[in-house]
Amino acid sequence: MATQARLTPLGDLASRLFATRRLALDLAEPLSDADATIQPFPDASPAKWHLAHTTWFFETFVLRDHAPGYRAFDEHNAFLFNSYYEAEGPRHSRPRRGMLSRPSLDEVRAYRAHVDEALERVLPALPPGALDLIELGINHEQQHQELFLTDILATFAENPLEPAYGELPPPGCFAVEPLSWHGGREGIVEIGAGDTGFAFDSERPRHRVFLSGHEIANRRATNEEWREFIADGGYRTPTLWLSEGWDWVQREQVSAPLYWRGDESEFTLGGLREIDWAAPVAHVSYYEADAFARWGGARLPTEAEWEDFAASADPALGNQLSQPGAVVPSPGGGVFGDVWEWTQSAFASYPGFAPPAGAVGEYNGKFMCGQFVLKGASCATPLGHSRASYRNFFPPHARWQFTGVRLARDA
Ligand SMILES: [Fe+2]
């Protein structure tokens with residue numbers, strides 16, 4: 001019986017591991033070696049790099065550290081594909097990842113196959129601590145699957161030929177609900193992940209916070225509403241903006257969401273498309289989200305308000321996650337999906353936060369400076385990856401992710 005009890009969760013872990021590894025390869029299928037090599041700007045990474053870096057993560061933290069006798073595929077890969085782990089030594093410069101014409105995409109595929117075969121071989125004998133690292137590696141790879149898609153969108157957006165990565169659903173799939181306001185709870189509530197199940201270290205521990213009286217919008221802001229913001233001079237009115245945001249708007253000459261092209265079109269993973277005015281606005285920065293909210297007589301929610309709202313929503317709605325690695329948006333009314341939602345909360349540690357020992361302790365904690373929390377999920381988030389306690393984070397100028405806005409206001 002004991003063996004059986006061990007086999008079931010291990011089997012589940014293995015199937016999720018190899019399904020996740022397979023999905024990453026599927027996402028790369030439409031790309032040429034050149035497509036997969038370009039780095040459109042320093043914060044984005046080449047598709048090929050994502051495929052190799054997630055493989056290095058398993059090779060280093062699972063195989064090297066827990067599989068005696070494992071032989072590295074290529075000793076150069078530790079330098080090339082370590083992202084930011086100081087404990088793992090020197091690494092290639094992040095802004096120069098696009099200079100790596102070699103290894104080729106096919107050589108990266110061979111690296112992945114080598115590591116996958118080793119993982120399959122050693123998995124039954126791994127100690128519990130290593131199985132936790134497999135779980136972390138799955139969730140890490142899912143994060144990179146979303147980055148893979150947003151970075152390919154940024155790459156193709158640079159190309160005057162306007163290439164399409166994949167098909168999008170027909171327009172008009174978004175339900176246009178009238179804006180209404182949900183009365184949020186006032187008082188002490190709990191947020192954060194509980195003790196069971198996977199969560200990133202930054203989501204724990206679960207703890208109490210006080211919520212003042214507030215209301216939160218039933219849906220995300222739409223492209224139509226963003227068009228009204230633009231028409232009303234939103235990008236030209238300094239009193240709507242944070243000082244840093246106004247500097248950014250002027251310096252970067254920002255006048256619309258990142259991928260809008262002219263008055264009617266936007267560049268998408270499906271190529272150039274007519275803007276779907278009923279769809280949630282996407283690819284806006286924290287600065288823009290904040291200015292838009294002020295223009296609308298509202299503000300951005302705090303992460304605690306958002307999380308309490310998600311927990312109180314219809315459970316069926318709350319669990320409505322987007323499709324795996326998809327370019328298919330889910331309907332606009334749910335709590336999860338379409339776009340990540342900016343909150344006004346800084347990405348900071350929760351009371352009692354304790355990063356894990358070892359190099360993976362660098363995973364989140366050292367980024368708790370100058371970034372804001374985003375909640376929910378996007379159309380590019382793999383199925384089942386997010387949850388109410390999930391804390392995505394980006395600096396306030398970032399907008400190449402699928403980022404949007406849900407309004408809140410004091411009550
Ligand atoms: Fe990573």
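The paragraphs below lead through this predicted model, from its metal site to its cores, ring pairs and strands. Residues are numbered from 1 along each chain as its sequence is written, and side-chain values use heavy atoms, with hydrogens and water left out. Because the model is predicted, local features need pLDDT of at least 70 and side-chain atom pairs count only at pLDDT 80 or more, whereas totals for chains, interfaces and linings use all residues.

A good place to begin is the iron ion, whose protein donors are H53 (NE2), H140 (NE2) and H144 (NE2), lying 2.2 Å from it. Donors here are N, O and S atoms within 2.8 Å of the metal (3.2 Å for Na, K and Ca), and since water is not among the atoms, sites may look incomplete. Along the sequence the spacing of the donor residues reads H-x86-H-x3-H. H140 and H144 both belong to helix 5 (residues 128-157), where they are four residues apart, about one turn of the helix; helices (H or I, at least four residues) and strands (E, at least two) are DSSP runs, numbered from the N terminus. Both H140 and H144 are buried, a word that stands for under 20% relative accessible area, with exposed meaning over 50% and partly exposed in between (1.4 Å probe, protein chains only).

Helix 5 returns in the interior. The largest nonpolar core has 96 residues, and those that touch the most other members are I134, F148, Y165, W226, W241 and V405; helix 5 gives the most to this core, with twelve residues. Such a core is a set of buried Ala, Val, Leu, Ile, Met, Phe, Trp, Tyr and Cys residues joined through side-chain atoms within 4.5 Å. Another core, of six residues, lies apart from the largest one and has I191, V209, L211 and A304 among its members.

The aromatic rings come next, and a search of the whole structure finds 31 aromatic pairs. Rings of Phe, Tyr and Trp (its six-membered ring) pair if their centres lie within 6.5 Å, and planes under 30 degrees apart count as stacked, over 60 as edge-to-face and the rest as tilted. One stacked pair is F81 and Y111, at 6.5 Å centre to centre with 25° between the planes, and this pair links distant parts of the chain, since F81 is in helix 3 (residues 77-81) and Y111 is in helix 4 (residues 105-122), 30 residues apart. F81 is buried at a relative accessible area of 3%, and Y111 is buried at 1%. The rings of W226 and F292 are also stacked, because their centres are 4.6 Å apart and their planes are at 15°; here W226 in helix 6 (residues 223-231) is linked with F292 in helix 8 (residues 286-295), 66 residues apart.

Finally, strand 8 (residues 340-346) is largely enclosed by the rest of the structure, because five of its seven residues are buried. Strand 8 pairs with strand 9 (residues 372-376) in the antiparallel sense over four bridges, and with strand 11 (residues 403-404) in the parallel sense over two bridges, where pairing requires that DSSP finds at least two bridges between two strands. E341 has K375 in strand 9 as its bridge partner, while W340 stands opposite T403 in strand 11. In the loop between strand 8 and strand 9 is Q371, which is buried, with a relative accessible area of 13%.
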